[in-house]
Amino acid sequence: MFIRPPGNLSLETAADILRNSLSEALAIFYPLAGRLHSIDGGGRLELDCNAAGALLVAVESEAKIDDFGDFGPTPEIRALIPCVDYNKPIDELPLLVVQVTKFSCGGLSLGLRISHILVDGLSALDFISEWAKIARGEGPGSPPPFLDRSVFRAPEHLKAPVFDHPDFGPQPLLIGQKDDMEERKKETSVLLLKLSKVQTEKLKGKANEDENVSNGRRPYTRYEAVAGHIWRTACKARQHETNQPTSLCIAVDARNRMEPPLPPRYFGNAVFQITAESTSGELVSKSLGYASGKVRQAIEKATPEYLQSCLVFVKNQKDVTKFRNFHTVGCSKGAFYGNPSIEITNWARLPIYGADFGWGREIYMGPGDLGYDGKVFLIPEQGLDGSFFVPLRLQVRHIDAFHKFIYQDI
């Protein structure tokens with residue numbers, strides 16, 4: 001996040017405020033001060049709440065905030081977030097690293113890297129909000145965060161999954177390829193686009209021209225329309241063969257989908273990856289409503305029974321390493337949602353704005369890095385007027401076509 005503090009705030013003062021308030025916040029959210037360690041040879045990890053702490057780095061820069069343009073997740077933005085040396089043993093790695101950077105214009109940036117194994121976006125933002133409250137002199141929120149992970153375990157009465165779970169299976173490969181290694185190696189770049197309120201409403205209207213909606217089904221939402229449009233655009237820009245299988249991976253928050261729902265302020269990772277599937281030919285040749293319908297079908301699949309079955313499925317696996325995402329460009333490990341597929345993370349309902357550390361509201365908040373081909377974020381513009389920022393990473397050879405088609409086909 002980028003901030004323009006009033007007055008002349010020194011780096012030393014800012015770092016002291018952040019360090020002291022972070023210590024208080026970690027006493028409340030103490031799992032973030034712990035360390036992970038392996039408990040078997042199958043990729044499973046255990047959290048040791050050993051109060052080993054987090055890392056806070058203070059840096060002075062000759063750059064100005066204006067030098068970062070539209071704040072797209074470029075290498076220059078990524079340099080504002082501390083690096084983690086993943087060659088070290090996992091039990092030596094902090095689960096939270098923070099860098100405060102003071103720019104020559106007087107502005108600040110706050111770059112965070114937080115373990116996705118431990119928390120999801122909603123929990124991370126809850127922590128940041130609480131940390132900001134403490135920094136500006138307010139007391140902790142109520143109720144306190146709910147830290148008991150046992151409420152999110154696989155149910156004991158289920159010994160085997162009751163559904164098939166293709167979401168955990170391998171993603172489609174390009175026709176003619178035996179694995180995804182070539183696609184992982186291809187050069188990628190990032191793009192930051194904006195879809196205005198007018199454009200998103202047009203997309204919603206086009207999606208709802210679908211005959212299923214006119215026959216009495218609930219109209220497609222703005223998210224379903226925009227996600228379907230991005231998926232179609234990626235297929236078109238990549239010039240897939242007509243019968244090319246493709247998937248769209250969607251992050252679904254299970255908090256209010258479980259039965260009973262998870263407790264308020266549950267602190268952890270409660271996100272499931274759900275996939276929509278089709279062929280590129282169907283997506284491109286049929287109406288936007290077809291793609292939006294596929295998005296809805298995937299989301300509606302996430303019933304309490306299905307999510308419980310997911311937990312049992314994972315519990316019964318001998319090795320869970322293959323299910324883990326590694327958010328690193330060119331990484332050969334873990335799941336891959338690049339060409340011919342995409343992955344969309346929706347921040348539209350997350351409280352991403354308003355973290356005031358006592359220096360005023362942020363002027364920008366967003367991802368500092370996009371790990372791999374096909375990774376897309378939907379971020380609401382401040383003010384909630386219905387506009388989206390769309391940062392994404394694609395192969396360089398597909399960037400220009402994607403930029404052209406995403407607006408041309410509205």
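This tour moves from the whole chain to a few residues worth selecting. The model is predicted.

**Whole chain**

Start with the full protein chain in cartoon view. Its secondary structure comes to eleven helices and twelve strands. The radius of gyration is 22 Å, close to the 22 Å that the globule rule gives for 410 residues, so the chain is as compact as a globular protein of that length. Turn the C-alpha trace along its principal axes: the spans are about 60 × 50 × 45 Å.

Now switch on the surface. The chain exposes about 19,100 Å². Carbon and sulfur atoms supply 51% of that area. Of the 410 residues, 50% are buried.

Next, think about contacts. Take those between residues at least 6 apart in sequence: 75% of them join residues at least 24 apart.

Color by charge. There are 47 positive and 50 negative charges. Their mean positions are 3 Å apart.

**Salt bridges**

Side chains of opposite charge can pair when their charged atoms come close. How many salt bridges does a search of the whole structure find? The search finds 21. Three of them come next.

**Stop one: Arg78 and Asp369**

Select Arg78 and Asp369. They form a salt bridge, with the closest N and O atoms 3.4 Å apart. Arg78 sits in helix α2, residues 75-78. Asp369 sits in the loop between β10 (342-346) and β11 (375-380). The two are 291 residues apart in sequence, so the pair ties together distant parts of the chain.

Are these two residues buried or partly exposed? Arg78 is partly exposed, because its relative accessible area is 29%. Asp369 is also partly exposed, at 22% relative accessibility.

**Stop two: Arg393**

Keep Asp369 selected and add Arg393. This pair also forms a salt bridge, and the closest N and O atoms are 4.0 Å apart. Arg393 lies in strand β12, residues 388-395. Asp369, in its loop between β10 and β11, is 24 residues away in sequence. Show all three residues together: salt bridges that share partners join Arg78, Asp369 and Arg393 into one network. Check the cover around Arg393. At 6% relative accessibility, Arg393 counts as buried, because the cut-off for buried is under 20%.

**Stop three: Glu224 and Arg296**

Clear the selection. Pick Glu224 and Arg296. They form a salt bridge, the closest N and O atoms being 2.9 Å apart. Which helices does the pair link? Glu224 is in helix α7, residues 222-238, and Arg296 is in helix α9, residues 288-300. The two residues are 72 apart in sequence.

Hide the surface to see this pair. Glu224 is buried, at 5% relative accessibility. Arg296 is buried too, with a relative accessible area of 2%.

**Last stop: His398**

Finally, select His398. Look for it in helix α11, residues 396-408. His398 is buried, with a relative accessible area of 4%. What is His398 in contact with, leaving aside its neighbours within four places in sequence? Show Ala237, Arg238 and Asn339: His398 is in contact with these three.

Conventions:
Residues are numbered from 1 along each chain as its sequence is written. This is a predicted model: local features need pLDDT of at least 70, side-chain atom pairs count only at pLDDT 80 or more; totals for chains, interfaces and linings use all residues. Side-chain values use heavy atoms; hydrogens and water are left out. Helices (H or I, at least four residues) and strands (E, at least two) are DSSP runs, numbered from the N terminus. Buried means under 20% relative accessible area, exposed over 50%, partly exposed in between (1.4 Å probe, protein chains only). Contact means heavy atoms within 4.5 Å. The radius of gyration is taken over C-alpha atoms; the globule rule is 2.2 Å times the number of residues to the power 0.38. Accessible areas come from the Shrake-Rupley method with a 1.4 Å probe; for residues, only the protein chains shown count as cover. Lys and Arg count as positive and Asp and Glu as negative; His and the chain ends are not counted. The place of a charge is taken as NZ of Lys, CZ of Arg, CG of Asp or CD of Glu. A salt bridge is a side-chain nitrogen of Lys or Arg within 4 Å of a carboxyl oxygen of Asp or Glu.
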